[in-house]
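Please examine the structure shown below together with its sequence. The paragraphs after it lead from the overall fold to individual residues.

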Amino acid sequence: MATPRDKFGRPIVVVTGMGIVTSLGAGKTDNWAKLVAGESGIKTVTRFPIEGLRTTMAGTIDFIAVDPFTSTSLSERIAEIATDEALAQSGIGSKGDFPGPLFLAVAPVETEWPQRLELGRLIDKKDFDYYDMLRASGGGRFAPYHDRFMFGSVAKYLAENFGTKGSPISLSTACASGATAIQLGVEAIRRGEADAALCVATDGSVNPEAVVRFSLLSALSTQNDPPQGASKPFSKNRDGFVMAEGAGALVLESYEAATARGATILGVVAGCGELTDSFHRTRSSPDGKPIIGCMRKTLADAGMEPEQIDHINAHGTATPENDKMEYHTTSAVFGEQISKIPVSSNKSMVGHTISAAGAVEAVFSLLTLEHQRIPPTINYDVPDPTIHFDVVGNKARDARVTAVMSNSFGFGGQNASLILTREPA
Amino acid sequence: MTERKEVWITGIGILSSLGEGLDAHWDALNAKRINVDDKRFAPYIVHPLAPVSFDAQIPKKGDQRQMEAWQRIGTYAAGMALDSAGVKGNQEILSRMDMIVAAGGGERDLAVDTAILNADAHGNFSPGFLNERLMSELRPTLFLAQLSNLLAGNIAIVHGVRGTSRTFMGEEASSIDAARIALARIEAGQSDVALVGGAYNGERLDLLVLFEFGDFNLTGEFAPVWARENNSGFALGSAGAFLVLESREHAEARGAKPYAKLSKVVADLAQRRQPGAVTKSLETLWSKLDVDDDVGVVVTGATGAEPVTSEERAFLRQHQGLAVRATGTMFGHTVEAQFPLGVALAALSVSRGALFPPNDPTGLEVEKSDPPTQIVVMGTGHWQGEGMALVEAVK
């Protein structure tokens, strides 16, 4: 039998393992049950003081402890939990020996406030400056903080722990990072470089400065009460996204390798695409051409026509700008048919998991294909009359779903889309 | 698999402590010039960025204001690379040019940080204090000058590079992987033309603090990389280095001339807890390049940090025929920019038919008089990751 290839002669890339952690819980079972029940993971922040903040709620992961707490350590821990789940499901390799590379989407790393404050408190001098800080930093007392706050630290840990092969790649394409991690894995398998790839995306960065940064850009919802009502994708009264934490992990394999070892195939990554918007640092080009081009590139990469897509897992951040732009661009790609494609935003329930979102939503898309049931967009009580999506509002919907497009758009002109299908085309 | 495509380096952009552009760098290297500042951050040493007018590559002041120094350095070097490849302003090519940038994060507002830390040390720290100070004192757009992927974002906005945009993070290894993935994509026909590189602002107190946590900074008297055995560490340097890579057929179709060919990029993650692991990993990577020790030249980004520099030295001692050049001596440690800088200098040397002279009192670096046709670029991260590229003359 010939090598299983797609219509372009490339190896078909399938998913054989998935893991997920969100503010709803750890694991696919728990997440899926709550997601289709329309539960929200958004709550008032208790991890740090909220005095003086305009936005006081988030989708934090508080049921997993890391000590000492840093956002980077939480990102690492939830990535590890999601990866454990994905590997257990896949059954690939053996413990500590994954037979392929690691592609990790992770939030940019920096020294965090608790550690910076710890350093400052050591300086026995009134009105000290940063040179005093520098002189107090060495001598090995803070050596673990060097390792912790290197950008490559999470990938290094995961690569060593799971025994992935070669140089692990840490990447950021802002809110599209999770999709990019999957795309890099797909490309490596299509090139024939690897039979398997571990694609992980993680974000544990709900900390005061991160909240302030997005707040100062007026990107966050300020509808703090009740917190679970804040994230309102496609609603007229939406006012911003809700920051959240999460991790998604996917084991990708060539169809040939997966079938040869008798693995259960959970779905197919049929296509990926990306196209940069050079218009502005935070806003999309008003004509939407880069997003339209991104979706079309993804369809072309999958060798599919728009009418073959029967569900869209939207980026749907609930910022006024995103949802409007997403509707206009998506309808340009899908034409009149758009009113018949059920669209939903997981972010209404789990918030915006930023660096992790592309992978978290890919996992939810694959679960949608598995269960033939589309999770709802909750808080959809006042539909935006200018957005004519068939929004799966408030209640999950049973539907025949064969192909899902999952979209991710981010600051810096990042646009990435994935098409996930149940069976090889 | 279809046959791998040959990949050419057709554009080079460098901005560093030694100046800007290929001629300035070639002259500085041949004059063995080193630009260090041992006063500003004394006892720490840095290689400061040479004076530059950013207007030449970033014409809008508004764009410059939206960036911090690391982004300006990178956007400038990227523009030089596009100029050098003859594609600046060529909208047809730019609209499908792929980009992989190796990046860290941007500058902090040290005045805000210092004020908060002092208030805290004096006990003026109510529960909402940090929030209130950050909300009222952080410049709203500073975040965009800090986000790792916004160097690529700025390159897209300023120069119109807008095929795809990916940002790799993770210090030295991120730029090795950027070159590795860009090369693999072009070889496999997944991409025709790509912009690859990185940028670093080494003149940052917060980064000196970060590396001081691990006692990695060079202090006291400056010494070349190979002469730091008794005073190890690196002097951070400011630099941006970008390359335009394209398939030979793509370059020939538009009449572009190559500086050199990028034949291979390999990388790995040695388990450094085991002494000797890096030396062994470098040996394995070397064996994948199929190069001959007799003709070989190595341009290395060796940092001067220990124990890894000694591990790299041990590897080099097993290959006595090699002419070695450590860019860390002349440029300092430019972290994410070091590997593309090495590839840039290798391609420049191949294209000029000469290797720049050694700059090393220890004798590890030796003269090479004949024109180099094969140069291996090495990058060994100060705490993790290692890789190599093979740059060759186009036949």
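What follows is an explanation of this structure, which is a predicted model.

Chain B serves as the starting point for the overall fold. Its secondary structure amounts to 15 helices and 13 strands. The radius of gyration of chain B is 21 Å, close to the 21 Å that the globule rule gives for 395 residues, so chain B is as compact as a globular protein of that length. Along the principal axes, the C-alpha trace of chain B extends over about 65 × 55 × 40 Å. Of the 395 residues in chain B, 61% are buried. When the contacts in chain B with a separation of 6 or more are considered, 81% of them link residues 24 or more positions apart.

The interior may be approached through its nonpolar residues. In soluble globular proteins, nonpolar side chains tend to be buried together. The largest nonpolar core here has 271 residues, and the members that touch the most others are A:L104, A:V200, A:L250 and A:A359. One of these, A:L250, can be followed further: with residues up to four places away in sequence left out, A:L250 touches A:V15, A:G17, A:M18, A:A86, A:I182, A:C199, A:A359, A:A362 and A:V363.

Helix α2 of chain A covers residues 71–90. At 1.5 Å a residue, the 20 residues of α2(A) should span 28 Å, and the end C-alpha atoms are 28 Å apart, which agrees. Because 16 of its 20 residues are buried, α2(A) is largely enclosed by the rest of the structure. The residue that follows α2(A) is A:G91, with a positive phi near 70°.

The next topic is the interface between the chains. Here, 64 residues of chain A are in contact with 66 residues of chain B. On the side of chain A that touches chain B, the elements giving two or more residues are α3 (113–121), α4 (130–135), α5 (143–148), α6 (153–162), β6 (169–172), α7 (177–190) and α8 (208–216) of chain A. By class, this side of chain A has 28 nonpolar, 21 polar and 15 charged residues.

Strand pairing also links the two chains: β6(A) and strand β5 of chain B, residues 164–169, pair in the antiparallel sense over 3 bridges. Within this pairing, A:S172 stands opposite B:T167. Strand β5(B) has a further partner in its own chain, for 5 bridges join it to strand β4 of chain B, residues 98–102, and these two strands run parallel. There, B:I100 has B:R166 as its bridge partner.

How is β5(B) placed with respect to the rest of the structure? All 6 of its 6 residues are buried, so β5(B) is largely enclosed. In a regular strand the side chains alternate between the two faces of the sheet. In β5(B) both faces are covered, with B:T164, B:R166 and B:F168 buried on one side and B:S165, B:T167 and B:M169 buried on the other.

Helix α12 of chain B, residues 277–287, includes B:A277. Is B:A277 buried or partly exposed? B:A277 is partly exposed, because 16 other C-beta atoms lie within 10 Å, whereas 20 or more would be needed for a buried residue. Apart from neighbours within four places in sequence, B:A277 is in contact with B:A270, B:Q271 and B:R272. B:A277 and B:V308 are 31 residues apart in sequence, and their C-alpha atoms are 9.6 Å apart in space.

Several backbone details remain. The peptide bond from A:D225 to A:P226 is cis, with omega near -5°, and A:P226 lies in the loop between α8 and β8 (246–254) of chain A. In chain B, the peptide bond from B:E306 to B:P307 is cis, with omega near 5°. B:P307 is placed in the loop between β10 (297–300) and α13 (308–317) of chain B.

Positive phi values also occur in residues other than glycine. A:N379 has a phi near 65° and lies in the loop between β12 (373–374) and β13 (390–391) of chain A. With 26 other C-beta atoms within 10 Å, A:N379 is buried. For B:D290, phi is near 55°, and this residue is in the loop between α12 and β10 of chain B. B:D290 is exposed, because 10 other C-beta atoms lie within 10 Å, and 12 or fewer make a residue exposed.

Methods: Residues are numbered from 1 along each chain as its sequence is written. Chains are lettered from A and ligands numbered from 1 in the order in which they are written. This is a predicted model: local features need pLDDT of at least 70, side-chain atom pairs count only at pLDDT 80 or more; totals for chains, interfaces and linings use all residues. A nonpolar core is a set of buried Ala, Val, Leu, Ile, Met, Phe, Trp, Tyr and Cys residues joined through C-beta atoms within 7 Å. Two residues are in contact if their C-beta atoms, placed from the backbone, lie within 7 Å. Helices (H or I, at least four residues) and strands (E, at least two) are DSSP runs, numbered from the N terminus. Ala, Val, Leu, Ile, Met, Phe, Trp, Tyr, Cys and Pro count as nonpolar, Asp, Glu, Lys and Arg as charged, and the others, Gly among them, as polar. Two strands pair if DSSP finds at least two bridges between them. The expected span of a helix is 1.5 Å times one less than its number of residues. The radius of gyration is taken over C-alpha atoms; the globule rule is 2.2 Å times the number of residues to the power 0.38.
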